[in-house]
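I sat down with this entry to look up a few backbone oddities, the sheet, the core and the confidence scores. My notes follow in the order in which I checked things.

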Amino acid sequence: MSETVHSGGCLCGAVTFEVIGEPFTMTYCHCESCRCWVSAPVMGGCLYHAEKVRIVGGADKLAVFKRTEDSGSHRKFCQNCGSALFNEHPSIKMIDVMAVSISDLVFEPKLHTHYSEKIVSFYDGLPKYKGFDPAVGAQGIHFLSSLASQNIAIAIRRYLSSIPVLTALLRKPTIAMAVL
Ligand SMILES: [Zn+2]
Ligand SMILES: [Zn+2]
């Protein structure tokens, strides 16, 4: 079965691209770097394996910004219009594609990352993580692939938290900061 191909591009249309299949996951990132880069209170990203992202046009218009020389985030944007498009993580061969740049994909975020740096609060019931940098490599992948089981754990914890006598047993540290 062939995978769905979604298309996207920058504001001026100089850079166009395709993403193949559905994203590995979709996230809100609250980190200061992402917020500053997109000039918004939060960044919406769709994480794809690098080979699933194909530049169709305007590759020569793409510029890259690295905050530090050894940064694991290679942020690519259109030189014409400034649109933020890709946050590449070469160490794990994955790319966070800016959700708003994919024209025909419904953005359904699954989690919040770097919620400890937030400037806006969300009450959407999604897991909220203190940190997470996809550049941590295999650890990052493991973290993401374990989310399904964590979601079940969160649901159970929510239910049990209504029973006071059991609440103390549930106060062990977890990766998630809070589920609101
Ligand atoms: Zn552009
Ligand atoms: Zn970020």
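I began with S39, which in this predicted model is exposed, having 9 other C-beta atoms within 10 Å. I looked at S39 because its phi is positive, at about 50°, although the residue is not a glycine, and because its C-beta count of 9 falls under the limit of 12 or fewer that makes a residue exposed. I placed S39 in the loop between α1 and β4.

I then turned to K93, another residue that has a positive phi without being a glycine, here of about 55°. K93 sits in the loop between β8 and β9, and I noted that it counts as exposed, with 11 C-beta neighbours inside 10 Å.

Next I went through the overall make-up, and I found 4 helices and 12 strands in the protein. Of its 180 residues, 30% count as buried. Among contacts with a separation of 6 or more, I noted that 59% are between residues 24 or more positions apart.

I looked up the largest nonpolar core, which has 28 residues, and the members that touch the most others are C46, Y48, L85 and V97. Seven lookups along the chain gave me the elements that contribute two or more residues to this core, namely β2 (16-20), β3 (25-29), α1 (32-38), β4 (43-49), β7 (74-78), β8 (84-89) and β9 (94-98). I followed V97 further and, leaving aside neighbours within four places in sequence, I found it in contact with G8, V19, G45, C46, Y48, V53, F86 and I102.

For the sheet, I traced an open arrangement of 3 strands in the order β1-β2-β5, with antiparallel pairing. The edge strands, each pairing on one side only, are β1 (5-9) and β5 (53-57), and the twist from one strand to the next averages 25°. I checked the pairing of β1 with β2, which run antiparallel and are joined by 5 bridges, and I noted that S7 stands opposite E18 in β2.

Last, I asked myself where the pLDDT is below 50. The protein averages a pLDDT of 82, with 72% of the residues scoring at least 70. The pLDDT is below 50 over residues 134-149, a stretch that has 21 contacts in the model beyond near neighbours in sequence. It is also below 50 over residues 162-175, where I found 6 such contacts in the model.

Terms used. Residues numbered from 1 in each chain as written. Chains lettered and ligands numbered in written order. Predicted model: local features only at pLDDT ≥ 70, side-chain atom pairs only at ≥ 80, totals over all residues. Buried ≥ 20, exposed ≤ 12 C-beta atoms within 10 Å, placed from the backbone. Contact = placed C-beta atoms within 7 Å. Core = buried A, V, L, I, M, F, W, Y, C linked by C-beta atoms within 7 Å. pLDDT = per-residue confidence, 0-100. Pairing = 2+ DSSP bridges. Axes fitted to C-alpha atoms, helices over the stretch in contact; angles between N-to-C directions.
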